[in-house]
Amino acid sequence: MNTKMYPLQFEPILKERIWGGEKLKTVLNKPIVSSITGESWELSTVEGDVSVVANGELKGKSLTELIDKSPNDILGKNVYARFGNQFPLLFKYLDAREDLSIQVHPNDKLAKERHNSFGKTEMWYVMQADADARIIVGFKEDSSKEEYLENLKNKTLVSILDDVKAKAGDVFFLETGTVHAIGAGLVVAEIQQTSDITYRLYDFDRKDAQGNTRELHVDLALDAINYNKVDTHKKYETVSNQSNVIVDCPYFTTNIIPLDGKIEGNKDGETFTVYMCIEGTFEIRYENVSYQYKKGDTVLIPAGMRNYVLEGEASILEVYIS
C-alpha cells in the first residue's frame, strides 16, 4: 500500500437489540435512528460486520482490505506473526436499557472446534451508570453443573449468581466461561476477542415485538461454563498523563490515560494501538496534522505510525497487543 498511515476512524456499525435504548446518541453522540439501539461496533472484522474507514485518504476502504494490502503497517509485526491477516479484537459501546440475557462465551478450544472462531475473553469499562445499576458476573459461591441445571429448571438461576452494583469507572474483566449479564441502566465500553459466539442461558422469559422468545443454548453452554466463583472487578491507578494498566492478558492490554496536557506516543511497529475516548476531548498530532476526538470516539493507530502526540483534557482507554 503506497498510502501514508494516519489515525483511522471507522463508521459505527449500529445494532438494534431487544434490550437497547437511546443513550448511544444522548451520551455518546452516535447517529442512531432507533429507540432500541443496543450496540455500536466501533472496530470489527466479524464476517458481515466489517468496519469501513470514515476519514481521510482511505475513506470507504474496509479494515480487512487495508490489512490484506499492508498487514505489517496496520496490525504490526508481532500481531501479524501471531494472527495472520485476522484483526484479533472487537471494540464496542453498549447501552443496556434493560438487562441483557444471562450468557457465557466459550474458550478458544471450544470455539475453534464448534464454530471455527476465536473464543471471547472480554472486558467492560462502565462509562455511565444509573442509580442502583448492577451486573451479574459469575457464581456467588463455587457451584456445579447439577446445581446450575436445577436452578435453571426452576427459574431461580439469578439466586446463585453474583450481583454486583456498578458505577462509572468500574472495570470488569471476564475470562471465557464466566456467566454474566450487563444490567439495565449501564453504558459500557467493551473490548473483546474477535468473536460473535454467545451462549444464551436465560433471557428472563422476554418476548420480542412478534411475541417470540429468543433462542437459548443450554446444552452448548454446559461444557463452556466455569462453575467456580471468580473475581472480575479490576482495581487500577489513575496517574495523570501516563498509561495506567487496567488489564494485561494474553489477548490484549488495556490502559487508562487521564490526559491533562500532552503525552508522546512512541511505537515500535510491533502492534496497532486503539484509543477509545471515554470522557472529554483530545487531539492527536501527527506529521503536522491535528486530528480531533470527543467522548464516544474510537481511533485506530496503525502500527506504521511511530511518533505522535496526544493533547487535551480527556480520559482515554489505550488498547494494544503485547
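This passage describes the strands, the nonpolar cores and the cavity of a predicted model.

Local features were taken at pLDDT of at least 70 and side-chain atom pairs only at pLDDT 80 or more, while totals for chains, interfaces and linings use all residues. Residues are numbered from 1 along each chain as its sequence is written, and side-chain values use heavy atoms, with hydrogens and water left out.

Strands are DSSP runs (E, at least two residues), numbered from the N terminus. Two strands count as paired if DSSP finds at least two bridges between them. An open sheet of 7 strands follows the order E1-E2-E5-E12-E7-E10-E14, with antiparallel pairing. Its edges are strand E1 (13-21) and strand E14 (233-234), each pairing on one side only. E14 is joined to strand E10 (residues 171-174) by 2 bridges, and the two run antiparallel. Here Val 171 faces Lys 234 of E14.

Further along the chain, strand E15 (residues 244-248) and strand E16 (residues 253-266) run antiparallel and share 4 bridges. A hairpin of 4 residues links E15 to E16. Asn 244 has Ile 256 in E16 as its bridge partner. E16 also runs antiparallel to strand E20 (residues 307-320), through 14 bridges. Within this pairing, Asp 260 is matched with Glu 313 in E20.

In soluble globular proteins, nonpolar side chains tend to be buried together. A nonpolar core is a set of buried Ala, Val, Leu, Ile, Met, Phe, Trp, Tyr and Cys residues joined through side-chain atoms within 4.5 Å. Buried means under 20% relative accessible area (1.4 Å probe, protein chains only). The largest such core holds 61 residues. Phe 87, Tyr 275, Phe 282 and Leu 300 have the most contacts inside it. Strand E17 (residues 273-286) supplies the largest share, 8 residues. Beyond its neighbours within four places in sequence, Phe 282 is in contact (heavy atoms within 4.5 Å) with residues including Leu 259, Tyr 291, Leu 310 and Ile 316. Another core, of 21 residues, lies apart from the largest one and includes Phe 139, Leu 152, Ile 160 and Ile 197.

A cavity is a set of points on a 1 Å grid over the protein atoms alone where a 1.4 Å probe fits but cannot get out; lining residues have an atom within 4 Å of a point. The count comes to 1 cavity of 30 Å³ or more. The largest cavity has about 40 Å³ of space, the volume being that filled by probe spheres set on the points, which are joined across faces, edges and corners. Its lining consists of Phe 83, Pro 88, Leu 89, Phe 118, Gln 193 and Tyr 251.

Methods
On a 1 Å grid over the protein atoms alone, a cavity is a set of points where a 1.4 Å probe fits but cannot get out, and a pocket is an open set with protein on both sides within 12 Å along at least five of seven lines; lining residues have an atom within 4 Å of a point. Buried means under 20% relative accessible area, exposed over 50%, partly exposed in between (1.4 Å probe, protein chains only).
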